[in-house]
Amino acid sequence: MCIRDSFRAEGDRFGEADTLYSLSMSSTLGGELERGEHLADQARRMFEELGSREKIGQVYMAQAALMHAGGRHSEARPYWETALGIARELGDRQLAVTELMGIGIVDFHEGKLADALRVTVEALDEATDLENVQVAVWLLHYVGVFSASVLPEEAVQIDGAVHALRQESGGGMGHDAMGLEDTRIAASRTLDADRLRDAWSKGRMMTLAEAIDLARRIERQIHDDSLFSGTR
């Protein structure tokens, strides 16, 4: 008898729903996206019947990530927004930071660079306020990714800082692909090898506070440029 059947036999619907959620995550990580989506739908319906707001929000997050994995980036937006609303409702600021980042990723894939950076820096400010260094470094990574084609030197500096800061803090959160290109690969289209190396080296010397300040400057510059050009 599998774990899910055991919970079902005992009448433990929460345990059964949680098992379905775990199986959906495993399926998604294993590349079985269709199965993962089916299991997540089942889990969410059960959690909705049970009135478990926290778990409902977690499943919405999982479904959003699953859509990114399948290249369905715009479809993920309402799932991230619903998950964010639940996190705000429950006062879970740590989780809200991750969900803000998800919305930023959708913005970027939809070509809304200024919006993507605004949301990311908003999440970065919140992570900083929470004194969550590992999440702050994780968010800095996305600032570099998003700005690499527009401000390549600054983006590579951010990327160098991220790598150095992750080593300093003992690893930290990994970088989810989410259909995004590596910062240095994107920047290499406009920077020669020497400038790329110099920017990377300069970034590796930055403190966390300096890297966050640079991220804010990048966001402000791209925001101002987008206002001037009439784009977002």
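# Notebook: salt bridges, cores and helices

I began with the salt bridges, and the count comes to 20. I note here that the model is a predicted one.

**Entry 1. Arg72 and Glu75**

I looked up Arg72 and found a salt bridge to Glu75, with the closest N and O atoms 3.1 Å apart. I then checked exposure at each end. Arg72 is partly exposed, because its relative accessibility is 26%, and the cut-offs for that class are 20% and 50%. Glu75 is partly exposed too, with a relative accessible area of 43%.

**Entry 2. Arg77 and Asp107**

Next I took Arg77, which forms a salt bridge with Asp107; the closest N and O atoms are 2.7 Å apart. Which parts of the chain does this pair link? Arg77 sits in helix α5 (residues 77-90) and Asp107 in helix α6 (residues 93-109), so I wrote the pair down as linking distant parts of the chain, 30 residues apart. I found both Arg77 and Asp107 to be buried.

**Entry 3. Asp159 and Arg184**

I turned to Asp159, which lies in helix α9. Its side chain meets that of Arg184 in a salt bridge, at 3.3 Å from N to O. This pair also links distant parts of the chain: Asp159 is in helix α9 and Arg184 in helix α10 (residues 183-187), 25 residues apart.

Are the two partners buried or exposed? Asp159 has a relative accessible area of 2%, so I list it as buried. Arg184 comes out at 29% relative accessibility and therefore counts as partly exposed.

I also followed the salt bridges that share partners. They join Arg77, Glu81, Asp107, Glu110 and Lys112 into one network.

I then listed what Asp159 touches, setting aside residues up to four places away in sequence: His141, Thr183, Arg184 and Trp200. Arg184 thus appears both in this list and as the salt-bridge partner.

**Entry 4. Gln157**

I stayed in helix α9, which covers residues 152-168 and holds Gln157. Gln157 is buried, because its relative accessible area is 10%, and the limit for buried is under 20%. What is Gln157 in contact with, leaving aside neighbours within four places in sequence? I recorded Ala199, Lys202, Gly203, Met206 and Leu214.

**Entry 5. Nonpolar cores**

I looked up the largest nonpolar core and found 60 residues in it. Those with the most contacts inside this core are Trp80, Leu139, Leu140, Tyr142, Phe146 and Ile218. Helix α8 (residues 133-147) gives the most to this core, with 10 residues.

I picked out Leu139 and listed its contacts, again without neighbours within four places in sequence. They are Val97, Met101, Thr120, Ala123, Leu124 and Ala127.

Another core lies apart from the largest one and has six residues, among them Ala187, Leu191, Leu196 and Trp200. I had already met Trp200 as a residue that Asp159 touches.

**Entry 6. Helix α3**

I checked the length of helix α3, which has 18 residues (33-50). How far apart should its ends be at 1.5 Å a residue? The expected span is 26 Å, because the rise is multiplied by one less than the number of residues. The end C-alpha atoms are 26 Å apart, which agrees.

In α3 I found Gly36, Leu39, Ala40, Gln42, Ala43, Arg44, Met46 and Phe47 buried. After α3 comes Gly51, and its phi is positive, near 75 degrees.

**Entry 7. Ala87**

I went back to helix α5 for Ala87. Ala87 counts as buried, because its relative accessibility is 3%. I noted that its C-alpha atom is separated by 7.5 Å from that of Glu54, although the two residues are 33 apart along the chain. Not counting residues up to four places away in sequence, Ala87 touches Asp92, Leu95, Ala96 and Glu99.

**Entry 8. Glu131**

Last, I looked at Glu131, found in the loop between α7 (113-129) and α8. Glu131 is not a glycine, yet its phi is positive, about 60 degrees. Is Glu131 buried or exposed? Its relative accessible area is 70%, so I entered it as exposed, the cut-off being over 50%.

Methods: Residues are numbered from 1 along each chain as its sequence is written. This is a predicted model: local features need pLDDT of at least 70, side-chain atom pairs count only at pLDDT 80 or more; totals for chains, interfaces and linings use all residues. Side-chain values use heavy atoms; hydrogens and water are left out. Helices (H or I, at least four residues) and strands (E, at least two) are DSSP runs, numbered from the N terminus. Buried means under 20% relative accessible area, exposed over 50%, partly exposed in between (1.4 Å probe, protein chains only). Contact means heavy atoms within 4.5 Å. A nonpolar core is a set of buried Ala, Val, Leu, Ile, Met, Phe, Trp, Tyr and Cys residues joined through side-chain atoms within 4.5 Å. A salt bridge is a side-chain nitrogen of Lys or Arg within 4 Å of a carboxyl oxygen of Asp or Glu.
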